[in-house]
Amino acid sequence: MRPIQMVDTRTQYGKIKKEVDTAIQEVLDSAAYINGKPVQDFANSLSQYVGVKHTIPCANGTDALQIAMMALDLQPGDEVITPSFTYIATTEVVALLRLKPVFVEVDPRTFCMDPAALRKAITPRTKAIVPVHLYGHAAPMEEIMAIAREFGLYVIEDNAQAIGCDYRFADGSVQKTGSIGTIGATSFYPSKNLGAFGDGGAIFTNDTELANKLKMIANHGQQKRYYHELVGCNSRLDTIQAAVLGIKLTHLDAYNKARKSVAAYYNEAFAVTEKITTPFVAAYSDHVYHQYTLVLNDVDRDGLNSYLAEQQIPSMIYYPVPGHRQQMFASFGLTTADMPTTDWLTERVISLPVHTEMDEEQLAYITSHVLNYVNQ
Ligand SMILES: *Cc1c(COP(=O)(O)O)cnc(C)c1O
């Protein structure tokens, strides 16, 4: 059996090596390492794929979130509502900009922002909402957008884990996640569903004025070279990364399909036991399985994690410490009493390998060992 990895970007690269190597060689020959033609080409293709008017490429997903928040003219102390059950980048940039992250609970089935908790958290200082499409499942955007309209709030979608995910509205219309809010932010970190060979990120919007501002902020606040109208930052997607991403984007649907078949295999294997809750997929959402995350019932989760490691099966806890209990936010004084669902999930989740290069032998090996452990 091939060794099992949490992600296998090397095998994935092997299958598109010729195309990718040629594209990288072209960048090297052109020497246009910064803002070469592949950057705009990729941005255009991605706009078309996601279904937005504007895509602003940037250096990474964290920058994408930061630049999005910088463009909204928020004032220090303004409140931004986000889930605690997410990767730290989502909430860290809020604090970095001297805004106040207000943590809310998630729906324990979807791991995404709970609209009822969101509504309760709104105060006169609330300016923005940052829903996260965690693990590749969409947050309930229709309800979130309705609340945002009601209270006049901005919505920044953290789409780092869900590129390619379809969202179905009540009227039957479908839009990609990242294209629904005021602004969408995504990451091309190598292990993401659309991963570069290094860092990368992008910002989406349908608002042309906002797009110009986002573009300026990512480029030292300038439109005209050396004339700096706004305080911005330096956040660019390298030409080499854009060239790689342009090719990988043409495979993204196939990659997400491969992830879905891994999930389907796991779902069927784990249906035999009540001790494992497999990922829930809401009627409004597709699932692109950036992670395949189980909730364990009456199982020693850390014991399973160690047992699998002994069998050469990697598994991960995403994330071992939720935002509200991170030391960087200790001054908020939040405890389990404030976020019981988040802490409950944090103790019970475990993510199994899911990527585009898994074979049935590996899946059979993983599922039989997981079942061995939970049924002992
Ligand atoms: C990966 C990720 C980010 C940040 O992306 P980077 O490119 O690593 O900066 C932000 N939010 C979520 C939910 C992520 O998974």
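Biologist: Where does the largest cavity lie with respect to domain 1 and domain 2?

Modeller: A good way to place a cavity is to look at what lines it. In this predicted model, domain 1 (9–249) and domain 2 (253–374) both give residues to the lining of the largest cavity, so it lies between them.

Biologist: How many cavities of 30 Å³ or more does a search of the whole structure find?

Modeller: The search finds 1. The space in the largest cavity is about 90 Å³.

Biologist: Which residues should I click on to find its centre?

Modeller: Try Thr-9, Gln-12, Arg-259, His-355 and Thr-356, which lie nearest the centre among the 14 lining residues. Two elements give two or more residues to this lining: helix H1 (9–15) and helix H9 (239–270). Helix H9 gives the most, with 3 residues.

Biologist: How many residues of each class are in the lining of the largest cavity?

Modeller: Sorted by class, the lining has 7 polar, 4 charged and 3 nonpolar residues.

Biologist: Now for strands. Which way do the side chains of a regular strand point?

Modeller: They alternate between the two faces of the sheet. Take strand E14 (residues 349–352) as the case here: Val-349 and Ser-351 point one way, while Ile-350 and Leu-352 point the other way.

Biologist: Are those four residues of E14 buried or exposed?

Modeller: All of them are buried, and here that label stands for under 20% relative accessible area.

Biologist: Which strand is joined to E14, and how do the two run?

Modeller: Strand E13 (residues 292–296) is joined to E14 by 4 bridges, and the two run antiparallel. To see the pairing, look at Val-295, which stands opposite Val-349 in E14.

Technical notes. Residues numbered from 1 in each chain as written. Predicted model: local features only at pLDDT ≥ 70, side-chain atom pairs only at ≥ 80, totals over all residues. Heavy atoms only, no water. Buried < 20%, exposed > 50% of the residue type's maximum accessible area, 1.4 Å probe, protein only. Pairing = 2+ DSSP bridges. 1 Å grid on protein atoms, 1.4 Å probe; cavity = no way out; pocket = protein on both sides within 12 Å on 5 of 7 lines; lining within 4 Å. Points joined across faces, edges and corners; volume = space filled by probe spheres on them. Nonpolar A, V, L, I, M, F, W, Y, C, P; charged D, E, K, R; others polar. Domains from an automatic or database assignment.
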